[in-house]
Amino acid sequence: LHKRGELVKVHGGATAVESGYTTKDAALSVRRDLNREVKQKIGKYAATLVQADDFVYLDAGTTTAMMLDYLLDDSVTYVTDGVAHAQRLVKKGMKVILLGGELKASTEAVIGTQAVQMLMNYHFTKGFFGTNGITKKTGFTTPDINEAAVKSMAMEQCKECYIVTDASKFDLISPVSFSTFYGGTILTDQIVSGYEGMQHIVKVP
């Protein structure tokens with residue numbers, strides 16, 4: 001069925017193939033436990049891409065959060081819109097810059113024009129981003145227009161962009177696009193039917 005494109009194999013089972021719509025963010029407490037082992041695998045691999053003296057943007061999110069335990073080099077400076085990310089990194093002795101602005105309750109992300117303006121002053125060597133949906137037509141999408149604005153600006157300021165996501169996000173669409181489909185390298189656990197052979201999609205080992 002997976003080979004015929006009738007379902008998508010994911011960790012622990014399979015999901016139906018459809019271009020579904022996700023119009024709201026699930027509560028953070030719920031999203032933390034979804035596909036946890038897969039997210040951890042992706043996060044661990046993504047952390048290996050961070051090198052000494054990098055200037056890194058870390059998007060708020062449950063998959064980027066999985067990177068934090070594996071980030072060990074204190075020569076790296078991190079900028080993030082994730083309050084929990086900033087707290088954990090500081091406890092590890094890392095240099096962290098937290099964006100200013102409005103705190104969104106459901107994702108614990110800082111959003112708004114102040115955050116966007118701050119990002120315009122930074123130039124990142126690498127950035128790591130979560131997404132609610134991915135399709136070839138709509139690119140990377142998220143439910144909140146203000147959160148999308150922060151993601152979009154941060155991606156523009158990155159030399160290298162990585163989208164860290166489990167395979168369940170493919171063929172899902174949220175209301176607001178924050179990047180085109182080719183706007184970053186996708187790090188994921190499965191190559192979903194219809195996305196084979198694309199050089200910017202990397203199945204993590």
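Me: What does accessible area mean for this predicted model, and how much does the protein chain expose?

Reply: Accessible areas come from the Shrake-Rupley method with a 1.4 Å probe. By that method the protein chain exposes about 9800 Å², and carbon and sulfur atoms supply 51% of this area. The model is a predicted one.

Me: Why is N132 called buried?

Reply: Buried means under 20% relative accessible area. N132 has a relative accessible area of 17%, so N132 is buried. Buried residues make up 52% of the 205 residues in the protein chain.

Me: Where is N132 found, and what makes its link to T142 a polar contact?

Reply: N132 is found in the loop between β9 and β10 (133-135). A polar contact needs a pair of N or O atoms within 3.5 Å. The side chains of N132 and T142 make such a contact at 3.1 Å, so the distance falls within the cut-off.

Me: What makes a group of residues a nonpolar core, and which members touch the most others in the largest one?

Reply: The members must be buried residues of certain kinds, Phe and Leu among them, joined through side-chain atoms within 4.5 Å. The largest nonpolar core has 31 residues, and those touching the most other members are Y57, L99, L119, F124, F129, F170 and I186. Elements giving two or more residues to this core include β4 (55-58), α5 (113-119) and β9 (124-129). The most comes from α6, with five residues.

Me: Which residues does F124 touch beyond four places away in sequence?

Reply: Among them are F55, Y57, V79, L119 and A154.

Methods: Residues numbered from 1 in each chain as written. Predicted model: local features only at pLDDT ≥ 70, side-chain atom pairs only at ≥ 80, totals over all residues. Heavy atoms only, no water. Buried < 20%, exposed > 50% of the residue type's maximum accessible area, 1.4 Å probe, protein only. Helix = DSSP H or I, 4+ residues; strand = E, 2+ residues; numbered from the N terminus. Contact = heavy atoms within 4.5 Å. Polar contact = N/O pair within 3.5 Å; in protein donor to acceptor, adjacent residues only side chain to side chain.
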